[in-house]
Amino acid sequence: MSAPRTSPPSPSPCAATAAARVPLLQARELCKRHGGIVALDTFSVDIHEGEIFGLIGPNGAGKSTFFDILTGFCAADSGGIVFDRVVLPTLQAHRSAARGIARTFQNIRLFGELSVLENVLIGGHRHDGGSVLGTLLGLGGARENERLAHERALEWLRYVGIEHYAERPAATLPYGDQRRLEIARALAARPVLLALDEPAAGMNATESAALGKLLRRIRADGVTVLLVDHDVPLVMDLCDRIAVLDAGRKIAEGTPAAVQRNPAVIDAYLGSAENGH
Ligand SMILES: Nc1ncnc2c1ncn2[C@@H]1O[C@H](COP(=O)(O)OP(=O)(O)OP(=O)(O)O)[C@@H](O)[C@H]1O
């Protein structure tokens, strides 16, 4: 599988020149309640450029809530996020995307009746230019833009290994490949940070190992990865650092080895996983 010719993921010039000491993402004291439930309680975390950062925790720990705040789908009650040295506006998904944050969803959100290729075209539209009017009028420039956009979309499908499905309706793909398609669609937006919400959910061990390989490649191509998953072996194997949430609070942060040894983590998460909860 060769890398996309035209547009492998790459960090923004600003991120690239940022001193290694300045985190790419700084979340500070985030709090969020849903009615009476505290979903996030003064959660702070730094994510550095070029790392695969894992966020784990038992069900209901607040992981998706953090994702939703980060990507503008939900507003924090207090606290804030600085990304690439700029304060992220709240509740503005398009602004987060424009700043270079792309995400996938815990519950896959594809356009099931559209083709696999069309789903990626939608992800890349911000970069691929052209106008709907131009296309309708059959203008030469618009046609050329469209052809290039198709080529790039196909390259992203190749990158994640599902180009053979390009013309199929997205909903007809095996589950694991739908998750790959979500990643291709997110990558087509050329993110600085790729946030993956349970990408290994529903995958068998072989698919999960292949996903790990893909995520390493994405990092090697310059994209920082935030990974939330319940597949503990995958997270431990892949991540440079991990934060552990429990009932909205961060109970540990560090390397996989340090986190695995942490008694609070064993109690709150790994212990419960071993007990089958
Ligand atoms: N829209 C909502 N309305 C009410 N409660 C919510 C809402 N979204 C999340 N919650 C609650 O907030 C808490 C945190 O949920 P969240 O989905 O962030 O956890 P999570 O760590 O992603 O869990 P899981 O691993 O099960 O996906 C949970 O108690 C959940 O029930």
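**Reading sheets, helices and a ligand shell**

Analyst: Let us begin with a single pair: F83 of strand 4 is the residue that stands opposite L25. Please bear in mind throughout that this is a predicted model.

User: How should one read such a pair, and how many bridges join strand 1 to strand 4?

Analyst: The general idea is that strands of a sheet pair through backbone hydrogen bonds, in either a parallel or an antiparallel manner. Here, strand 1 (residues 25–34) and strand 4 (residues 78–83) run antiparallel and are joined by 5 bridges. They belong to an open sheet of 4 strands, ordered 2-1-4-5, with antiparallel pairing. Strand 2 and strand 5 (86–87) stand at its edges with a single partner strand each, so one side of each has no neighbour in the sheet.

User: What is the strand order of the sheet with 6 strands, and what is its pairing?

Analyst: That sheet is also open; its order is 6-7-8-3-9-10 and its pairing is mixed. Its edge strands, strand 6 (101–103) and strand 10 (249–254), each pair on one side only. On average, neighbouring strands of this sheet are turned by 20° against each other, with direction ignored.

User: Which strands pair with strand 8, and by how many bridges?

Analyst: Strand 8 (residues 224–228) runs parallel to strand 7, to which 5 bridges join it. Strand 3 also runs parallel to strand 8, and 4 bridges join the two. The individual partners can be followed in the model. L227 of strand 8 is the bridge partner of L196, and G54 also stands opposite L227. D197, in turn, stands opposite V228 of strand 8.

User: How does one read the two faces of a strand, and which residues of strand 8 lie on each side?

Analyst: In a regular strand, the side chains alternate between the two faces of the sheet. In strand 8, T224, L226 and V228 lie on one side, V225 and L227 lie on the other, and all are buried. Strand 8 is accordingly described as mostly covered, with 5 of its 5 residues buried. For the protein as a whole, buried residues make up 42% of the 277 residues.

User: Which strands does helix 2 lie across?

Analyst: Helix 2 lies across strand 3 (52–56), strand 6, strand 7, strand 8 and strand 9 (241–246), and runs at about 145° to strand 7.

User: What does helix 2 give to the shell around the ligand?

Analyst: Helix 2 gives the most to that shell, with 3 residues. Strand 2 (37–47) and helix 2 (63–70) each supply at least two residues. The ligand is surrounded by 13 residues, of which H34, N59, K63, S64 and T65 are the closest. By class, the shell has 9 polar, 3 nonpolar and 1 charged residues.

User: How may the length of a helix be checked, and what is the result for helix 7?

Analyst: One compares the expected span with the distance between the end C-alpha atoms. At 1.5 Å a residue, the 13 residues of helix 7 (residues 175–187) should span 18 Å, and the end C-alpha atoms are 19 Å apart, which agrees.

User: Is helix 7 largely enclosed or open?

Analyst: In general, an α-helix has 3.6 residues a turn, so residues three or four places apart point the same way. In helix 7, burial takes in 12 of the 13 residues, so the helix is largely enclosed by the rest of the structure. Among the buried residues are G176, L181, I183 and L187, together with R179, R180 and R185.

User: Which backbone feature marks R190 and E198?

Analyst: Each has a positive phi although neither is a glycine: about 50° for R190 and about 55° for E198. R190 is placed in the loop between helix 7 and strand 7 (193–197), whereas E198 is in the loop between strand 7 and helix 8 (205–220).

User: Why do R190 and E198 count as buried?

Analyst: The cut-off is 20 or more other C-beta atoms within 10 Å. R190 is buried because it has 20 such atoms within that distance. E198 counts as buried because it has 21 C-beta neighbours inside 10 Å.

User: How many helices and strands does the protein have, and what share of its contacts is between residues 24 or more positions apart?

Analyst: The secondary structure comes to 11 helices and 10 strands. Of the contacts with a separation of 6 or more, residues 24 or more positions apart account for 68%.

Conventions:
Residues are numbered from 1 along each chain as its sequence is written. This is a predicted model: local features need pLDDT of at least 70, side-chain atom pairs count only at pLDDT 80 or more; totals for chains, interfaces and linings use all residues. A residue is near a molecule or strand if its C-beta atom, placed from the backbone, lies within 6 Å of it. Ala, Val, Leu, Ile, Met, Phe, Trp, Tyr, Cys and Pro count as nonpolar, Asp, Glu, Lys and Arg as charged, and the others, Gly among them, as polar. The expected span of a helix is 1.5 Å times one less than its number of residues. Two strands pair if DSSP finds at least two bridges between them. Axes are lines fitted to C-alpha atoms, for helices over the stretch in contact, and angles run from 0 to 180 degrees between N-to-C directions. Two residues are in contact if their C-beta atoms, placed from the backbone, lie within 7 Å.
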